[in-house]
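Dear colleague,

I am passing on the structure below, and I would be glad if you could look it over alongside the notes that follow.

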Amino acid sequence: MESKQEKWKGWCWWILVLAIAAMVVASAILTIWNNCRHSKVSSVPDRPGKIAENYAEALKIAIQFFDIQKSGKLVNNKIAWRGDSGSEDGREEKMDLSKGMYDAGDHMKFGFPMAFTATMLSWAILEYGDHMKAVKQLSNAQASLKWITDYLINAHPSPNLLYIQVGDPDLDHECWERPEAMTEKRPVLQVNISFPGTEVAAETAAAMASASLVFKKINSSYSNLLLKHARELFSFADTYRGSYSVSISQLQSYYNSTGYGDELLWAASWLFHATQDESYLRYVTLQNGDTFANWGTPTWFCWDNKLAGTQVLLSRVNFFDTTEISDEENIGLQMYRKTAEAVICGLLPDSPTATSSRTDSGLIWVTEWNPLQHAVASAFLAVVYSDYMLTSNTDTLYCGGKYYKPADLRKFAISQGEYVLGNNPMNMSYVVGYGSKYPEYVHHRGASIPVDAESGCHDGFKWLDSLDPNPNIAVGALVGGPFLNETYIDDRNNTKQGEPTTYNSALLVALLSALLTTSSVVSSFA
């Protein structure tokens with residue numbers, strides 16, 4: 001009997017040993033499986049990896065358009081058919097507003113979209129400056145940014161006054177001439193306490209704050225100056241609330257604003273990144289989130305609506321830096337991130353919540369005027385969000401019953417970029433100068449008029465109506481893009497499709513810089 005008991009104890013012992021061993025093996029397998037599951041996320045390199053040569057070439061071309069759009073006395077001019085222009089801008093107000101960039105194919109300087117151009121250039125540099133540096137384009141991007149911020153500094157001579165426009169669009173559009181030959185009057189417009197312009201002042205604050213981060217390590221005094229202007233402009237925008245479209249009704253025909261709440265949140269978000277001042281984070285979460293953020297509702301990111309950009313930008317804080325943030329503020333940040341995810345889910349073509357606003361070939365298409373703005377802006381938000389996921393080891397994004405990996409977001413962004421560069425039903429690049437086929441009749445005065453032409457304001461319209469391709473190539477210009485049926489009419493009078501803008505180019509530079517390669521993003525801009 002005793003021997004049987006000992007035998008039974010022996011069997012129990014071995015069963016226990018085997019059970020423990022099985023648990024250890026299972027635990028090891030689970031650990032290995034988890035490591036493998038995370039490996040694709042955590043293996044993202046800290047530094048740029050292999051460069052995609054097509055995007056490197058496209059970026060080199062795209063960034064040249066900023067040189068084409070420059071006003072003022074040009075320094076190290078790289079564009080043979082451009083020269084000094086606008087040197088008297090602002091003189092009647094005893095201001096130097098000669099720098100900055102012309103808005104599109106005309107010679108207007110609209111402060112609202114110009115400031116957005118600067119903000120997007122800054123964002124691109126802050127996220128992907130190492131990518132730009134790898135293909136020798138970082139200094140060009142910084143120089144283009146500074147050309148705009150130099151102008152914006154001069155346009156803000158006192159805390160509650162901002163010059164927001166140079167030129168009269170009605171007079172400007174009565175002429176077709178080279179910028180170097182302008183003779184018409186170029187009056188300036190301002191917003192102030194009596195005639196407020198919250199959206200343009202806030203966007204300019206965002207431009208200054210984001211640019212201050214770009215120049216922080218390379219020109220600290222300039223960075224501090226930008227930040228001083230950003231703080232003042234935000235205070236002006238927030239204290240004296242009012243739409244510039246109401247204050248200056250003339251603007252409703254050109255860059256009409258649909259509201260200023262998004263710009264206030266956008267500016268405060270950039271100021272938080274630039275200063276780490278908790279009051280700006282409180283502003284966007286506890287104080288104004290419920291009023292302006294439109295939480296839970298996806299919107300389109302563009303020069304007029306910054307909500308989607310703000311949501312992604314504040315998601316960065318939620319991804320990387322919540323250690324010293326209060327629970328109440330963190331709840332607000334989570335709402336921004338949740339809404340950013342709703343935006344991204346809507347962009348993914350096979351998502352249960354996918355938007356129907358796209359062409360048959362998959363291009364995001366929202367409006368007949370300048371449709372590529374939304375496509376490129378959406379692609380940038382998707383790829384930068386995917387990089388936040390990669391860097392933070394976030395495996396998946398949940399979209400209404402389906403899960404998506406960072407690679408899925410990047411795949412969508414690539415599809416939009418490839419479409420722009422020529423993989424489309426027209427088999428043409430929408431970036432002038434890229435590829436073997438691109439628009440030749442771009443709606444752009446300087447490009448359409450020979451350098452040695454002696455035509456003036458009115459007789460210059462013969463060049464607008466000329467049947468010959470533009471004599472000067474507007475290298476890097478991103479035109480408006482195709483109709484919903486994916487056709488494009490290459491005609492100089494076709495402004496809906498054929499007029500480039502500086503903010504289109506800023507969005508394109510941001511997207512191309514992101515797509516150059518895959519690497520982790522910095523956890524903090526500071």
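**Salt bridges and helix packing**

In this predicted model, Arg 445 forms a salt bridge with Asp 172, with the closest N and O atoms 3.1 Å apart. The two residues belong to distant parts of the chain, Arg 445 lying in helix α17 (residues 445-448) and Asp 172 in helix α6 (residues 169-172), 273 residues apart. Both ends are buried, Arg 445 with a relative accessible area of 2% and Asp 172 with one of 1%.

This pair belongs to a set of 21 salt bridges in the structure. Another of them joins Glu 278 to Arg 282 at 2.4 Å, N to O, and here the partners sit four residues apart within helix α11 (residues 278-287), about one turn of the helix. Glu 278 is partly exposed, at 32% relative accessible area, and Arg 282 is likewise partly exposed, at 29%. Asp 350 and Lys 402 also meet in a salt bridge (3.5 Å, N to O); because Asp 350 is in the loop between α14 and α15 while Lys 402 is in strand β5, the pair ties together parts that are 52 residues apart in sequence.

Turning to the packing of helices, the axes of α7 (residues 198-214) and α8 (residues 220-239) come within 8 Å and cross at roughly 155°, which means that α7 is roughly antiparallel to α8. The crossing is left-handed, and the residues in contact include Ala 205 and Met 208 of α7 and Leu 226 and Phe 234 of α8. By class, this contact has 13 nonpolar, five polar and no charged residues.

Best regards

Terms used:
Residues are numbered from 1 along each chain as its sequence is written. This is a predicted model: local features need pLDDT of at least 70, side-chain atom pairs count only at pLDDT 80 or more; totals for chains, interfaces and linings use all residues. Side-chain values use heavy atoms; hydrogens and water are left out. Axes are lines fitted to C-alpha atoms, for helices over the stretch in contact, and angles run from 0 to 180 degrees between N-to-C directions. Angles under 35 degrees count as roughly parallel, over 145 as roughly antiparallel, 65 to 115 as roughly perpendicular and the rest as oblique. A crossing is left-handed if the near helix is turned anticlockwise from the far one by less than a right angle, and right-handed if clockwise. Contact means heavy atoms within 4.5 Å. Ala, Val, Leu, Ile, Met, Phe, Trp, Tyr, Cys and Pro count as nonpolar, Asp, Glu, Lys and Arg as charged, and the others, Gly among them, as polar. A salt bridge is a side-chain nitrogen of Lys or Arg within 4 Å of a carboxyl oxygen of Asp or Glu. Buried means under 20% relative accessible area, exposed over 50%, partly exposed in between (1.4 Å probe, protein chains only).
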